[in-house]
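Student: Could you take me slowly through one chain of this structure, the one lettered A, and then show me how it meets its partner? I would like a connected account rather than a list.

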Amino acid sequence: MKGKRLLSLIGGVCLVLTVAVLLATGCAPKAPVAKEPIKIGALFDYTGPVADLGPKFQAGVELALEEANYEVAGRPIKLIIEDSATDVTVALDKFKTLVARDKIHICIGPLMGDAHLAIAPYAAESKVIVTSLINGMYEAIPYKTYVIYPTTVDAQTYPFGKYVYEKLGYRTMITIGANYAGKIGYANGAAKGFADAGGTVVQQLWPSVGTPDYSPYIGAFKTADVVLYALEGPGPVSRFVYQYHQAGLTMPLVTITQDGDYTPEALAELGDAALGILGESSYTWQLDTPENKKFVQGITAKTGKLFPSCSEQNAYTLTKVVLAGLEATGGDESYDKLWPAILNIKMNTAQGPLSFTAEGVAVTDMYVTQAEKKDGNYVLSAFLYKVPVEAAFIEASRGWVEPK
Amino acid sequence: MELLLSSLVNGISFGMVLFLIASGLSIVMGLMGIVNLAHGALYMVGAYVGWTIAVQLKLDFGLAVIAGGFGGALVGLLIERVFLRRLYKQPNEQVLLTYGFVYILSNIVIWVWGGYRRLQFTAPALYGSMYIGGMPFAKDRLAIIAIGIAVAIALWYLQNKTRMGAIVRAGMDDKEMTMGLGINLERVFTFVFFLAAFIAGSAGVIGAQLLGAYSWLGSDILLYALIVVVVGGLGSVQGALLGGLVIGLIDTFGKALFPQFAMFTIYLAMIVILLAKPSGLLGRKV
């Protein structure tokens, strides 16, 4: 009897010890714990000269997140959007707020090149990865927190400058660009490409951002074979084209970021004044690829608009890039894991094949399109020419010296 | 030569728009002693009302000019009757109140018309350019110059050749004596404010041929208008006209000839003119 009690006691002790060990090693069933969301900040312009682009970027980001069910690698995603108001100081303030108050891990945008330069040091210090929206600044590369897409401003327009000389046959060119870092880079990249191909840039003009009336600059144009304009968005571009037309000048116009600037609304407003203007675009909705068809279908269903532009596409693809990076790290949003994961991404996007340089600059093709009238509607044509962009253009497009 | 002529037409047409906006501001300041910083916002309201009529509803451009005028005038009248009449002889409070209206009206415009900047618009007949002496000139700019001259003559006539103009001038020189003669100066004030706001609203539509319509137009154009009033001198139609033309031409030639200094040329001109003539080029001593 005594032995029986002893055995029971030993058995009880063993049972207690077993439960204790199981608890200590974590094998006991746990209560479910909610995973922390990954916070993606977004800086878009809803007011100011490029106010019309904000909703387009937002639609692109939201579509990509909706496709992912606002979740990546088992973690929920929280999107926090702020208005950068087409103003560099506002963009910087809002970015600091997103980082300090909202504790974002990644930021999509802002758009303007000078805003990139303003926030780059703080982004690097805070180890927050930032993506450009429509091209980025060469000067932001050393900070190694900038995902520059589709490429740097100069590298995008450099091959187009060559194209204007070699394929269109123009020999002299005037450039007019908005006086801020981004558009100066676009205009100078095109000027360098044009000059490297053998052309002569006879004049460069720099109206300030938000110039309401371009006529004084148009009146000061010298004579050239072609005028290239690089202004800050659809509104300023439309004003310039309208006033150029009103002034009765006949030199042909070419442009950059045509797809972003020639929105269906802008084309409808401009009417015949824009017809025939050739431009370089990073995207055209008419690309015949499965990725693009899926994107166009999705954005049309979401916004009700038939012709998405590079604004929606860039935001969509950049969000996809961020999601792919997070997927590769298993949901680890830390800079040290996410930055190399993004640089290793190779994917087919709505815009075409995409890869990155070791510095975080995307390498993608560009397209030449033209404003035309089709079935009574003013639209951009399908691409007339594919402009291959090489990583080497990032350096080759630099170092332009303005003619005196 | 081409640069000179095109800049001349560009500068005079822009100067005429500045004259239209500044004339009302100048008279209201001179007669009523009211610093109405919302005057530019009334111009903006007029531009948007005109856009709705001419572009959205595709109605006559002339009708848009009149509707824009009434749009600006009604908002102006509301500000004067409900708020400003309580703040006569209180310039600090007037400045705060009316600048507050710049923000309020800008936000209302964003709510009603959206943040998208509206492109320039004009009458179908004024679209494109016409050749004079082998040189192309924008038709809408030539029309603006003609309208500006007509309004300047009408305002000059109203101010100098009519009984109402005599009362206004008397009120500017000696308010107490004018009221002592049995003239209801408050009613005159209201009429003048209404007229100034009407011209501002109409100017918004006329100026939209060059500048379009956008939500921060109120503060952009106000800055120009204040410079024109300072340069031309307070309280006279002729001063506003001269100031508008001087600033319009300096701004245009500055951008065409010295684009790197384009942001400073009008301020530089203002400093030089103020040093030479502190009361403005044709300012009344009030």
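Tutor: What follows goes from the overall build of the chain to its domains, then to single residues, and at last to the partner chain.

Please keep in mind throughout that this is a predicted model, and that its overall scores are ipTM 0.81 and pTM 0.79. Chain A is built from 14 helices and 17 strands, and its C-alpha trace spans about 115 × 45 × 35 Å along its principal axes. Of the 404 residues in chain A, 56% are buried. If we take the contacts in chain A between residues at least 6 apart in sequence, 72% of them join residues at least 24 apart.

The domain assignment divides chain A into domain 1, with residues 38-152 + 288-363, and domain 2, with residues 154-286 + 366-396. Taken over C-alpha atoms, the centres of domain 1 and domain 2 of chain A are separated by 25 Å. Where these two domains of chain A touch, 27 residues come from domain 1 and 27 residues from domain 2. On the domain 1 side of that contact, α4 (113-126) and α12 (310-328) of chain A each supply at least two residues. By class, the residues on this side of domain 1 of chain A are 15 nonpolar, nine polar and three charged.

Let us now look closely at one residue, A:Ala191, which is found in helix α6 (residues 181-197) of chain A. A residue is called buried when 20 or more other C-beta atoms lie within 10 Å of its own; A:Ala191 has 29 other C-beta atoms within 10 Å, and therefore counts as buried. Leaving aside neighbours within four places in sequence, A:Ala191 is in contact with A:Gly161, A:Thr175, A:Val201, A:Gln204 and A:Trp400. One of these partners deserves a second glance, since A:Trp400 is 209 residues away from A:Ala191 along the chain, while the C-alpha atoms of A:Ala191 and A:Trp400 are separated by 7.5 Å.

The loops of chain A hold some backbone details that are worth finding in the picture. In the loop between β4 (106-108) and α4 of chain A lies A:Pro110, which is joined to A:Gly109 by a cis peptide bond with omega about 15°. Another cis peptide bond runs from A:Tyr149 to A:Pro150, with omega near -5°, and A:Pro150 has its place in the loop between β6 (146-147) and α5 (153-166) of chain A.

Positive phi values appear as well. A:Lys144, in the loop between β5 (129-131) and β6 of chain A, has a positive phi of about 55° although it is not a glycine. A:Asp375, which sits in the loop between β15 (366-374) and β16 (377-380) of chain A, has a positive phi of about 50° and is likewise not a glycine. As for their surroundings, A:Lys144 counts as partly exposed because it has 17 C-beta neighbours inside 10 Å, and A:Asp375 counts as exposed because it has 5 other C-beta atoms within 10 Å.

Finally we come to the partner, chain B, whose mean pLDDT is 90, with 99% of its residues at 70 or more. In the meeting of the chains, 23 residues of chain A are in contact with 26 residues of chain B. On the chain A side, α7 (215-219) and α8 (234-247) each supply at least two residues, and α8(A) gives the most, with six residues. Sorted by class, this side of chain A has 11 nonpolar, eight polar and four charged residues.

Within chain B itself, helix α1 (residues 2-32) has 31 residues, and its end C-alpha atoms are 44 Å apart, which agrees with the 45 Å it should span at 1.5 Å a residue. Even so, α1(B) has a kink of about 30° centred on B:Ala22. Because 26 of its 31 residues are buried, α1(B) is largely enclosed by the rest of the structure. Helix α2 (residues 39-56) of chain B has the highest mean pLDDT among the elements of that chain, at 96, and since 15 of its 18 residues are buried, α2(B) too is largely enclosed by the rest of the structure.

Technical notes. Residues are numbered from 1 along each chain as its sequence is written. Chains are lettered from A and ligands numbered from 1 in the order in which they are written. This is a predicted model: local features need pLDDT of at least 70, side-chain atom pairs count only at pLDDT 80 or more; totals for chains, interfaces and linings use all residues. Helices (H or I, at least four residues) and strands (E, at least two) are DSSP runs, numbered from the N terminus. A residue is buried if 20 or more other C-beta atoms lie within 10 Å of its own, exposed if 12 or fewer, and partly exposed in between; C-beta atoms are placed from the backbone. Two residues are in contact if their C-beta atoms, placed from the backbone, lie within 7 Å. pLDDT is the predictor's confidence in each residue, from 0 to 100. The expected span of a helix is 1.5 Å times one less than its number of residues. The bend at a residue is the angle between axes fitted to the seven residues ending there and the seven starting there. Domain bounds come from an automatic or database domain assignment. Ala, Val, Leu, Ile, Met, Phe, Trp, Tyr, Cys and Pro count as nonpolar, Asp, Glu, Lys and Arg as charged, and the others, Gly among them, as polar.
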